[in-house]
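Reader: I would like to learn how to read a structure feature by feature. Could you take me through one?

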Amino acid sequence: MRPRLAPALALTLTLTLATALRIPLLNPSPRPNPSPSPCPNPSLGRTIRGWGLGLGLGLGLGWGCQSLALADEAVASPLTPVDRCAQRSTATGMQIKCERHGLRQGQRLFGCDAGEACVSTSAVKSPSKFASPWQVPEGKTAGIFDALVAEAKKAGVDVAVADGSDAERQYMWGTVRGGGGATDDVEFLVVPKEGLVFYRSCTRITEYVYPFQQPINDQGEANRKRMEGIRTKLNLEKATDDTYDKSAAAAMGMSSMPYI
């Protein structure tokens, strides 16, 4: 390429790209941006016409910003459910480690798997691990969430999430060292409108020893004892007994509650 043609070609490319992206090159007038964003205007991709370079730039920036938006949304809510399990072989058998917490479908706690050391007000598929919700006395719902968080901390729970900002549902999650040094997840869900406290306490690690098929744990008795200790300190009554009975649940409207 001849040297004298280089400036002309550079100018042509600059004008082409500027036209495609609608960038003013002469007498630009600054416009205030009331809400600065690391992403370009979302309509940028739609303003680009006919040029491969501009289209590639617009799509690239558009996808990048969409990814950022999804990432922000993913960490925006502490109530987003976590549900992950891993299995590994050990010298004596098998170990399953599950971490579950958060609200399923935005409104209910997780239940309990058959082999887990666990207790939950949502364990309707594992009746031996079911526990009754607690009834909050009338007129005391306003302070019950803060009281639950305080008692959980006294019981050794390292509280990671305590969201009491929603008038319809108030959620707490934390962890505590259980028997053998394993991590237990502890959760509370307060529904002030119903005057009820739902909860779950579950050990993450389940050990199996060959050739036995049953897990080597207490089936959740230590978790149940922990939650009962908190209930007793707060002087709360059980809404029913700890046997999930469909007729009793229907009588108090529990069977139709989305929280069970």
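Reader: Let me begin with two aromatic residues: are Trp134 and Phe188 buried or exposed?

Author: Happy to start there, with the reminder that this is a predicted model. Trp134 is buried, and Phe188 is buried too.

Reader: How is a pair of rings like that described, and what are the values for Trp134 and Phe188?

Author: In general, two numbers describe a pair of aromatic rings: the distance of the centres and the angle of the planes. The whole structure holds two aromatic pairs. In the one made by Trp134 and Phe188, the centres are 5.9 Å apart and the planes stand at 50 degrees, so the pair is tilted. Trp134 belongs to strand β4 and Phe188 to strand β7, so this pair ties together parts 54 residues apart in sequence.

Reader: Which residues form the aromatic cluster?

Author: Trp134, Phe188 and Tyr199 make up one cluster. Tyr199 also gives us a link to a loop: its C-alpha atom is 9.8 Å from that of Gly111, although 88 residues separate the two along the chain. Gly111 sits in the loop between β2 and β3. Beyond its neighbours within four places in sequence, Gly111 is in contact with Arg104, Cys118, Ser120, Ser122, Ala123 and Arg200.

Reader: Cys118 makes me think of disulfides. How many are there?

Author: The general idea is simple: a disulfide is a covalent bond between the sulfur atoms of two cysteines. The count here is two disulfides. One of them joins Cys85 and Cys98, with the sulfur atoms 2.0 Å apart. It links distant parts of the chain, since Cys85 is in strand β1 and Cys98 in strand β2, 13 residues apart. The torsion about its S-S bond is about 115 degrees, so this disulfide is right-handed.

Reader: And how accessible are Cys85 and Cys98?

Author: Cys85 is partly exposed, at a relative accessible area of 43%, whereas Cys98 counts as buried at 8%.

Reader: What does the link of Cys112 and Cys118 look like?

Author: The sulfur atoms of Cys112 and Cys118 are 2.0 Å apart, and the torsion of -60 degrees about the S-S bond makes the link left-handed. Cys112 is buried at 9% relative accessibility, and Cys118 is buried at 1%. Cys202 is worth a look here: the nearest cysteine sulfur, that of Cys118, is 3.6 Å away, and Cys202 is in no disulfide. A disulfide needs the sulfur atoms within 2.5 Å. Cys202 is itself buried, at 3% relative accessibility.

Reader: Let us turn to a helix. How far apart are the end C-alpha atoms of α4?

Author: The 14 residues of α4, 141-154, should span 20 Å at 1.5 Å a residue, and the end C-alpha atoms are 20 Å apart, which agrees. After α4 comes Gly156, whose phi is positive, near 95 degrees.

Reader: Which residues of α4 are buried, and what covers them?

Author: A general point helps: an α-helix has 3.6 residues a turn, so residues three or four places apart point the same way. In α4 the buried residues are Ile144, Phe145, Leu148, Val149, Glu151 and Ala152. Their cover includes the strands β4, β5, β6, β7 and β8, together with the helix α5.

Reader: What does Glu151 touch outside its own stretch of sequence?

Author: Glu151 counts as buried at 12% relative accessibility. Leaving aside neighbours within four places in sequence, Glu151 is in contact with Ile230, Lys233 and Leu234.

Reader: Two of the covering strands are β5 and β6. How many bridges join them?

Author: Five bridges join β5 to β6, and the two run antiparallel. A hairpin of six residues connects them, and Asp163 stands opposite Tyr171 in β6.

Reader: Finally, where does the pLDDT stay under 50?

Author: The chain averages a pLDDT of 74, with 62% of the residues scoring at least 70. Over residues 1-11 the pLDDT is below 50, and this stretch has two contacts beyond near neighbours in sequence. Residues 20-76 also stay under 50, and for them the model has 25 contacts beyond four places in sequence.

Technical notes: Residues numbered from 1 in each chain as written. Predicted model: local features only at pLDDT ≥ 70, side-chain atom pairs only at ≥ 80, totals over all residues. Heavy atoms only, no water. Helix = DSSP H or I, 4+ residues; strand = E, 2+ residues; numbered from the N terminus. Expected span 1.5 Å × (residues − 1). Buried < 20%, exposed > 50% of the residue type's maximum accessible area, 1.4 Å probe, protein only. Contact = heavy atoms within 4.5 Å. pLDDT = per-residue confidence, 0-100. Pairing = 2+ DSSP bridges. Phe/Tyr/Trp six-rings, centres within 6.5 Å; stacked < 30°, edge-to-face > 60°.
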